[in-house]
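Me: I'm new to reading protein structures and would like a slow walk through one part of this one. Could you pick up where I point and then connect that part to the rest?

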Amino acid sequence: MGAEVGVAGVAVPAAAKRRRVLAAKPAAEAAAGKRPRRARRPVGALQRLFQACRAVFRGPGTVPAPAEVHLLRAILDRMRPEDVGLSSDMAFFRTSNVAQRNPTITHTTIYKSENFSMVILCLPQNAVIPLHNHPGMTVFSKLLLGSMHIKSYDWADPDAAGRGASSPDEDRLRLAELVVDDDFTAPCDTSVLYPTAGGNMHRFRAIAPCAILDILGPPYSIEEDRDCTYYTDVPYSEHTMMGTKFVGNEKEDRCLAWLKEIEMPGDLKMCNVRYGGPQVFER
């Protein structure tokens, strides 16, 4: 194809002609009252996760369907520290606090609505988040960096609140079944807990400095009776069970313990900081 002849008889290359035509399009659209098309922003991993959460979480009283759980787990399993502005090269993750007792845990919120929240927890070495629950919530936890020990329970009989699966003594201990008691090191699979299954009550202890991306649906809310309750666990053998056949028939196949509700531990130190990583966009 030959070149176009321009002003003063100078030949205009075909490539220059194409550039001129493309440049003229926005002006022509503006003249016709049309808005020029914006270049699409590449969708990052965090934005994909955010969009999936908006589709999956439908508010209090709902639990994601199995296919929806699979979708969110698949996205989270591919998440990297860099997707939320973290790196193993940061001083926080290269510093040991072996001698420090009860170090401060950092908490930052990426996004929060009535239906779900996206938060990051950063635990220094030896930091502990005590045993606590997630009432009526489905929670996805992705360990992004470091190593931690997780111990979790579900109620042995979720429908027996205050009834047969409680201790007869004044402590009002309630029977729970151990779900997880193990060490985890990033990268590892995303864990999921449900309102009555999957280890709804759990305890985190940082073996090495670590970062956890948590998706909570719906988030904690005192106004909607979803406050956080703390517990201490007591070996099953230290208390007897009276007036029920629940334990006697099934104890052999289950690892059981008593949970006692406690006040939030006074030595628990948490610091809220502003999120500084990639943003999410409601579009």
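What follows is my request about one helix and a long reply to it.

Me: Please take a close look at helix 2 (residues 45-56). Which of its residues are buried, and what do they pack against?

Reply: Sure, and one thing before we start: this is a predicted model. The predictor's confidence, pLDDT, averages 85 over the protein, and 75% of the residues score at least 70. Residues 5-10 are a place to be careful, since the pLDDT there is below 50. Beyond near neighbours in sequence, that stretch has four contacts in the model.

Now to your helix. Helix 2 has 12 residues, and at 1.5 Å a residue they should span 16 Å. The C-alpha atoms at its two ends are 16 Å apart, so the expected span and the model agree.

Which residues are buried? In helix 2 they are Ala45, Leu46, Gln47, Leu49, Phe50, Ala52, Cys53 and Val56. Find them in the 3D view and look at what lies against them. These buried residues pack against helix 3 (66-77), and also against strand 3 (105-112), strand 4 (117-123) and strand 11 (210-217). Now compare those numbers with the helix's own, 45-56. Strand 11, for one, takes up residues 210-217, so you have to move a long way along the sequence to reach it from helix 2.

That fits a pattern in the whole protein. Take the contacts between residues at least 6 apart in sequence: 79% of them join residues at least 24 apart. The protein has five helices and 14 strands, and 41% of its 283 residues count as buried. Its accessible surface comes to about 16300 Å², with 52% of that belonging to carbon and sulfur atoms.

Let's stay with one buried residue of the helix, Cys53. Its relative accessibility is 0%, so cysteine 53 counts as buried. You might wonder about disulfides when you see a cysteine. A disulfide is a covalent bond between the sulfur atoms of two cysteines. How many does the structure have? A search of the whole structure finds zero. Cysteine 210 shows how that can come about: the closest cysteine sulfur, in cysteine 122, is 8.1 Å away, so the two are too far apart for a bond. Cysteine 210 is also buried, because its relative accessible area is 0%.

Next, follow the chain out of helix 2 into the loop that leads to helix 3. Side chains of opposite charge can pair when their charged atoms come close. Here the side chains of arginine 58 and glutamate 68 meet in a salt bridge, 2.9 Å from N to O. Arginine 58 sits in the loop between helix 2 and helix 3, while glutamate 68 is in helix 3, 10 residues apart. How covered are the partners? Glutamate 68 has 18% relative accessibility, so it counts as buried. Arginine 58, at 46%, counts as partly exposed.

The structure holds five salt bridges, so here are two others to look for. Arginine 80 forms one with aspartate 83, with the closest N and O atoms 3.6 Å apart. Aspartate 83 is buried at 12% relative accessibility, whereas arginine 80 is partly exposed at 48%. Arginine 254 forms another with glutamate 177, and there the closest N and O atoms are 2.6 Å apart. This pair links distant parts of the chain, 77 residues apart: arginine 254 is in the loop between helix 5 (246-250) and strand 13 (256-262), and glutamate 177 is in strand 8 (residues 174-185). Arginine 254 counts as buried at 17% relative accessibility, and glutamate 177 counts as partly exposed at 24%.

Finally, go back to strand 11, one of the partners of helix 2. The peptide bond from glycine 217 to proline 218 is cis, with omega near -10 degrees. Proline 218 lies in the loop between strand 11 and strand 12 (230-235). Aspartate 225 is in that loop too, and its phi is near 60 degrees, a positive value in a residue other than glycine. Aspartate 225 counts as exposed, because its relative accessibility is 67%. Strand 4, another partner of the helix, has a loop between it and strand 5 (128-132), where you'll find asparagine 126. Phi of asparagine 126 is also positive, near 75 degrees, and the residue counts as partly exposed at 30% relative accessibility.

Methods. Residues are numbered from 1 along each chain as its sequence is written. This is a predicted model: local features need pLDDT of at least 70, side-chain atom pairs count only at pLDDT 80 or more; totals for chains, interfaces and linings use all residues. Side-chain values use heavy atoms; hydrogens and water are left out. A disulfide is a pair of cysteine sulfur atoms within 2.5 Å. Buried means under 20% relative accessible area, exposed over 50%, partly exposed in between (1.4 Å probe, protein chains only). Helices (H or I, at least four residues) and strands (E, at least two) are DSSP runs, numbered from the N terminus. Contact means heavy atoms within 4.5 Å. Accessible areas come from the Shrake-Rupley method with a 1.4 Å probe; for residues, only the protein chains shown count as cover. The expected span of a helix is 1.5 Å times one less than its number of residues. A salt bridge is a side-chain nitrogen of Lys or Arg within 4 Å of a carboxyl oxygen of Asp or Glu. pLDDT is the predictor's confidence in each residue, from 0 to 100.
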